[in-house]
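Please look through the model below with this report beside it. The text goes from the two domains to the cores, then to the ligand and to a few single residues.

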Amino acid sequence: MSVAHGIRTLGVLGAGQMGLGIAFVSALRAKVPVLLHDRSADQVTKGLALMDKLLAKDVAKGRITSDLAKDARDRVTVVNELRGMRDVDMVVEAVSESLPLKQSIFASFAKELRPDAILASNTSSISITKIAAAAVPADVSAASDAGKASAGRVVGLHFFNPVPVMKLVELISALQTTPETLDRARAFAVACGKEVTTSKDVPGFVSNALLMPFINEAIMCLEKGTATRDDIDTTLKLGMNHPMGPLQLADFIGLDTCLAIQQTLYEGTRDSKYRPSVLLERMVDAQWYGRKNGKGFYEYTD
Ligand code: 3HC
């Protein structure tokens, strides 16, 4: 039996490439009003400009009418502080991969948002159980009914970049997540037009536990001089029909994000097969983050 998601208003925290993409599919495909918040006004401006561009492209290609595009755009409202989201039925956090940052955000969610709101994280690798524990107010025991209810509404909802294009959402249950939270989050992802897979709450979940060692191995090949950048990427593109080579994909995801995920995998498993390559660490030290700031394994001018 299909479950209704019951989301009448969604909050999205973070207007970067992931947050904006989530706002886009929620407003256009699930047709849900979205309150978007980012502490950087510049990021919000850039995100909304991208949304306008994507909607205009869909209209130009005849996929949607201009009325539908306008309705989707009108469903997105920017709020200047978290408190502006206090009445949402669900919030999706899409900020950078930092456990302390996410813990502080989920503690604020518990304080500012309705007690029955679903609290979802788009984390790529961080333990949802740890994030859920942060949603229990400091003066409440995690083992009490109130503590279990507060953490029980936290769930991992992992979208893929570019969100409007990639068909998957990975759903992750924390130890504390209730079946109702899981069912409603799944129903919401389906309403956004996504297929859903589930993963246990292990470092990197299924997706990044498989993808990141592959990307890291490609960087190590480059580091060791096994092949050139272009030959590594071309081998995977033409030999295995990957849409992007692994170095190009690393740039696309963001080298800082790749390193943060790899560190979570390595620290979470203590398995040397996940140790990030020195070259990746050095590139992030140099603040070469890939496509997002114009320099990674490739140079970007657009
Ligand atoms: N945002 C929105 N749409 C985008 C986009 C973006 N950033 N980049 C490309 N697109 C759209 C284009 O507009 C185009 O749409 P259209 O069909 O309506 O015209 C469509 O994607 C195809 O784009 P292009 O024709 O320009 O280029 P390609 O055919 O090379 O496709 C790609 C681009 C879809 C990005 C393709 O190269 C691809 O699938 N790459 C692999 C992406 C991938 O693996 N993503 C997952 C990363 S891992 C992740 O996100 C998890 C995280 O935890 C790390």
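How much of the chain over residues 10–201 is helix, how much is strand, and how far apart are the end C-alpha atoms? In this predicted model, the span 10–201 is 43% helix and 19% strand, with its end C-alpha atoms 24 Å apart. That span carries the UniProt feature "domain: 3-hydroxyacyl-CoA dehydrogenase NAD binding", which comes from an unreviewed entry. A further annotation from UniProt, "domain: 3-hydroxyacyl-CoA dehydrogenase C-terminal", also from an unreviewed entry, covers residues 204–300. The two annotated spans are set out in the table.

| Residues | Helix | Strand | End C-alpha atoms apart |
|---|---|---|---|
| 10–201 | 43% | 19% | 24 Å |
| 204–300 | 65% | 0% | 28 Å |

**Domains**

Apart from the UniProt annotations, the protein is divided into domain 1, residues 10–199, and domain 2, residues 206–292. The C-alpha centres of domain 1 and domain 2 lie 26 Å apart. To the contact between them, domain 1 gives 9 residues and domain 2 gives 10 residues. On the side of domain 1 that touches domain 2, the residues divide by class into 1 nonpolar, 6 polar and 2 charged.

**Nonpolar cores**

In soluble globular proteins, nonpolar side chains tend to be buried together. Here the largest nonpolar core has 62 residues, and those with the most contacts inside it are Met90, Val91, Ala135 and Val154. Helix H1, which runs over residues 17–28, gives the most to this core, with 8 residues. A second, separate core of 22 residues includes Met212, Ile232, Leu265 and Val284.

The surroundings of Ala135 can be followed in more detail. If neighbours within four places in sequence are left aside, Ala135 is in contact with Phe106, Ala107, Phe109, Ala110, Leu119, Ser150, Ala151 and Val154.

**The shell around the ligand**

Which residues are the closest to the ligand? Of the 17 residues that surround the ligand, the closest are Ser124, Phe160, Asn161, Pro162 and Pro243. Three elements give two or more residues to this shell, namely helix H2 (41–60), helix H8 (205–224) and helix H10 (246–253), and H8 gives the most, with 3 residues. By class, the shell has 11 nonpolar, 4 polar and 2 charged residues. Both domains take part, since the shell draws at least three residues from each of domain 1 and domain 2.

Two of the closest residues, Asn161 and Pro162, are joined by a peptide bond that is cis, with omega near 0°. Pro162 is found in the loop between strand S6, residues 154–159, and strand S7.

**Buried residues: Ala174 and Arg184**

Ala174 is found in the loop between strand S7 (168–173) and helix H7 (179–191). Why does Ala174 count as buried? Ala174 counts as buried because 23 other C-beta atoms lie within 10 Å, where 20 or more are needed. Not counting residues up to four places away in sequence, Ala174 touches Ile128, Thr129, Ala132, Val154 and Asp201. One of these, Val154, is also among the residues with the most contacts inside the largest nonpolar core. Ala174 and Val202, which are 28 residues apart in sequence, are 9.7 Å apart in space from C-alpha to C-alpha.

Arg184 is found in helix H7, and Arg184 is buried because 22 other C-beta atoms lie within 10 Å. Leaving aside neighbours within four places in sequence, Arg184 is in contact with Val3, His5, Gly6 and Ile118. Arg184 and Glu281 are 97 residues apart in sequence, and their C-alpha atoms are 39 Å apart in space.

**Residues with positive phi: Asn241 and Arg270**

Asn241, a residue other than glycine, has a positive phi near 60°, and its place is in the loop between helix H9 (229–240) and H10. Asn241 is exposed, with 7 other C-beta atoms within 10 Å. Arg270 has a positive phi near 55°, and Arg270 too is a residue other than glycine. Its place is in the loop between helix H11 (255–269) and helix H12 (278–285), and Arg270 counts as exposed because it has 7 C-beta neighbours inside 10 Å.

Notes:
Residues numbered from 1 in each chain as written. Predicted model: local features only at pLDDT ≥ 70, side-chain atom pairs only at ≥ 80, totals over all residues. Core = buried A, V, L, I, M, F, W, Y, C linked by C-beta atoms within 7 Å. Buried ≥ 20, exposed ≤ 12 C-beta atoms within 10 Å, placed from the backbone. Helix = DSSP H or I, 4+ residues; strand = E, 2+ residues; numbered from the N terminus. Contact = placed C-beta atoms within 7 Å. Near = placed C-beta within 6 Å. Nonpolar A, V, L, I, M, F, W, Y, C, P; charged D, E, K, R; others polar. Domains from an automatic or database assignment. UniProt positions renumbered as here; feature names shortened; annotations may be inferred.
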